[in-house]
Protein chains: 2
Amino acid sequence: MFDPVEKLKEFIRHPSVSADPSFKDGMVGARDFVAGLLTSIGFNVEVIHTKLHPVILAERHGKPEWPHVIIYGHYDVQPADPLNLWMSAAFEPEIRGNRLYGRGSADNKGPLMTHISAVARLLERRPDLPLNITFMIEGEEEMGSPSFPLFLEQYQHRLRKADFVFLSDTGIPREDQIVITCGLRGLVLFDVVVTGSKSDLHSGLHGGVLRNPIQALAELCATLHTPDGRVNVPGFYDDVLEVEQWERDELAKLGQSEEQYREFLGIPAFYTTKGYTPFEATRYLPTLEFNGIGGGYQGEGTKTVIPSKAFAKISCRLVANQNTTKIRELLYSTVRERMPKDVTFEIVDQHEGTAYVVVPPGRSNTPKDQSPVLAKAFRAADTAIGEVFGKPPLYLREGGSVPIIADIKRVLGLDSVLMGLFLPEDNLHAPNESFHLGVMKKGMRASEKILEALATR
Amino acid sequence: MFDPVEKLKEFIRHPSVSADPSFKDGMVGARDFVAGLLTSIGFNVEVIHTKLHPVILAERHGKPEWPHVIIYGHYDVQPADPLNLWMSAAFEPEIRGNRLYGRGSADNKGPLMTHISAVARLLERRPDLPLNITFMIEGEEEMGSPSFPLFLEQYQHRLRKADFVFLSDTGIPREDQIVITCGLRGLVLFDVVVTGSKSDLHSGLHGGVLRNPIQALAELCATLHTPDGRVNVPGFYDDVLEVEQWERDELAKLGQSEEQYREFLGIPAFYTTKGYTPFEATRYLPTLEFNGIGGGYQGEGTKTVIPSKAFAKISCRLVANQNTTKIRELLYSTVRERMPKDVTFEIVDQHEGTAYVVVPPGRSNTPKDQSPVLAKAFRAADTAIGEVFGKPPLYLREGGSVPIIADIKRVLGLDSVLMGLFLPEDNLHAPNESFHLGVMKKGMRASEKILEALATR
């Protein structure tokens, strides 16, 4: 059995930024690394080519009547910029305290390595384990998984035979409190590009006769929220469902402190929709955020220019029952209506993903036709996590998005068991991302127990 | 006598971007080039060191009772980015049609070379000309001339002896219509930097609980103009004076077409303060412009981040009688009042310059104590320009800023004769800057005639 932490460091050293073509070598390196590792522990590995970054499909199949779990993960990572804010190099993993630092350590290389290690140990101990295992590891998750739905369509004849999907790409509040995520927000992303004059202008010679595209963009963006923190787009909330009572109760068990959360964020005050705590707002409500804005001179000092263009990168998080196409149309028509008429503009589609909800066994709203193997997996997770981490998991919706979970449900008909492993302090998508090695170690034991329990009659 | 166009090309090849320390070699190269050229035509050249980029002071002095003209220019240029929009390399001068393309060709290397060439020709023809000439050529104009006021203070004992300053760093509407600029707008520049959370956040995990700094910045910026194009800062217009009737009449002679101007800018519609034509608005009214904005992810594709910081670079153009300190205070207190309280922010001072007005001889509001040599210069310019360009100059205020003109007035007590030479199509401060070689040639003849006339009893 290999050393999981050393393997994780090796994995992180491949700078697999899927969104940036200049990181091609890192993508190939990370993929070859995972494929080699799975081969070494006895899997039959296929690299399935897509339009961009291939999917790794690795199978360890015995008899068709055995339970069948698909373990999902992704080998790509977010861009690491701004690089100057990292305390150690983003792609040179470094252990400080009980944490391993590096881009992708928590999202998703660490959690994925946790499951690969658990499987390696389990199969070493029980080579004849009656469990079909498929690893399905993609390379475009951080770009919104553009090729993944087509991959699912093309391989559905093999993948539909599975009973459920098992993965760790969601969060936990504390290192002793595992959360099984039962809902994920959806996403709709787009850019707005505003053009004023046909080229940059001298702000003295021409200042005072035209609307600066930065001004037009600011005036648009300023209309998109109400003072009490709601998204100010007509119809945006029409399909949002009220949350179930058991979910509110489960969330209350978290016992998180708003003041500590505020200090963690480092903000003077929250800006949250009235009637919702910050912890509820991130789970049960949709959002509209500005992920980036740019235009004109951004260097040191000054340049007295009226820029020709300015842009904003906008994303909405959606909740269960909101339709991405309908929301996109509401957003676009709002932008069209509100944009000042003395500039021109373009709306650029970016990716999207549907929100997802699954209900564990035994709840008031558990579907009657829930798969027995899925129900068994939830119960096995409840037990194993209780044993390893000292307390049972909480079943909560999550603010993040893993759009492929909804795609898997739609194309394969499979639900997912999302065992969270990363902490708020892990700095996902931000400088100084890290993964807690204690959580990794316990996660490996829990994963091993869950998988073993599935194979037990 | 040297070839003025070849010398100008040589001048442009030195990439003298004063604001960017990485262009140090270009600054030194441009300075050495000008110093060498002036030495070669008989000037006594001193390089006066300042905190940043030296001033070139070159003298050709005879008897103290001779008239004395200071010719001003600057050897530094604006940054050339975005480089990808240039049709030929920014610092590789190229002639296409009757234009010489290259950064600095019009601002200010071409106009400066026009006067150096005129002086060279005049002194070749009349080596004993009874005229004291001082060239005063700085290297920080595009940064707002931070060292220039101190230079003026330190050398005022020599410079105050002059009668007036002659320069070309302003514009003309057409190649046959020279404008002598009688007013320049002032400037106040500052940055606003907004901070939300202490580091970048995942927009899924944390979206919905805090005000995004881009949102806060957009909400602030959107309040700074009224729908009819005025600056929405209380007190901003309090000291703006009504323009004189002779100025309105003079401007009307320009006969410019609003429709052609709109097409030149490439905008769907003007956005101009009510009651002012676009041509009046740029000359008689102050502005507030966004020169740049930035924050979050600006690359290809998407990054689902809530950025920690966002910034805007803001500049105001001021008109005569507005006080920079008072305007700065009004702006800052407006930003402080209107910024949402759930973010933190910082205001960063940038440079500033006072507006300037001079009235030519014979107008209703010409000062009674106007210097006789200045009056003679205005009359000589009227005649020489009429002869060379086929029609007399117009006397107009200009929208741009040359803050040192107000500094020269304050420290040395000298007025300036600003003979415009660049055209709207010259693309100052923008990609594909160029200078019209026909204007250059005529400008040389006019400058030569004006200087010669000054030396005539």
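Q: How do helix α3 and helix α13 of chain A pack: roughly parallel or oblique?
A: In this predicted model, helix α3 (residues 105-125) and helix α13 (residues 437-454) of chain A have axes 8 Å apart. They pack at an angle of about 50 degrees. Angles under 35 degrees count as roughly parallel and 65 to 115 as roughly perpendicular. That makes the arrangement of α3(A) relative to α13(A) oblique.

Q: Is the crossing of α3(A) and α13(A) left-handed or right-handed, and how do the residues of this contact divide?
A: On the α3(A) side, the contact includes G110(A), M113(A) and R125(A), while α13(A) brings residues including M440(A), G443(A) and E452(A). The helices pass each other in a crossing that is right-handed. The residues of the contact divide into 7 nonpolar, 6 polar and 5 charged.

Q: Which strands stand at the edges of the 8-strand open sheet?
A: Let's follow the order: β14(A)-β9(A)-β13(A)-β11(A)-β11(B)-β13(B)-β9(B)-β14(B), with antiparallel pairing. Neighbouring strands are turned by 20 degrees against each other on average, direction ignored. Each edge strand has a single partner strand, so one side is left without a neighbour in the sheet. The edge strands are β14 (344-353) of chain A and β14 (344-353) of chain B.

Q: Which residue in β13(B) stands opposite V192(B)?
A: Strand β9 (residues 186-195) and strand β13 (residues 309-318) of chain B pair in the antiparallel sense over 10 bridges. Opposite V192(B), in β13(B), stands A312(B).

Q: Which helix of chain B packs on the sheet?
A: This helix touches β11 of chain A together with β9, β11 and β13 of chain B. Its direction makes about 20 degrees with that of β13(B). The helix is α5 (residues 213-221) of chain B.

Conventions
Residues are numbered from 1 along each chain as its sequence is written. Chains are lettered from A and ligands numbered from 1 in the order in which they are written. This is a predicted model: local features need pLDDT of at least 70, side-chain atom pairs count only at pLDDT 80 or more; totals for chains, interfaces and linings use all residues. Side-chain values use heavy atoms; hydrogens and water are left out. Axes are lines fitted to C-alpha atoms, for helices over the stretch in contact, and angles run from 0 to 180 degrees between N-to-C directions. Helices (H or I, at least four residues) and strands (E, at least two) are DSSP runs, numbered from the N terminus. Angles under 35 degrees count as roughly parallel, over 145 as roughly antiparallel, 65 to 115 as roughly perpendicular and the rest as oblique. A crossing is left-handed if the near helix is turned anticlockwise from the far one by less than a right angle, and right-handed if clockwise. Contact means heavy atoms within 4.5 Å. Ala, Val, Leu, Ile, Met, Phe, Trp, Tyr, Cys and Pro count as nonpolar, Asp, Glu, Lys and Arg as charged, and the others, Gly among them, as polar. Two strands pair if DSSP finds at least two bridges between them.
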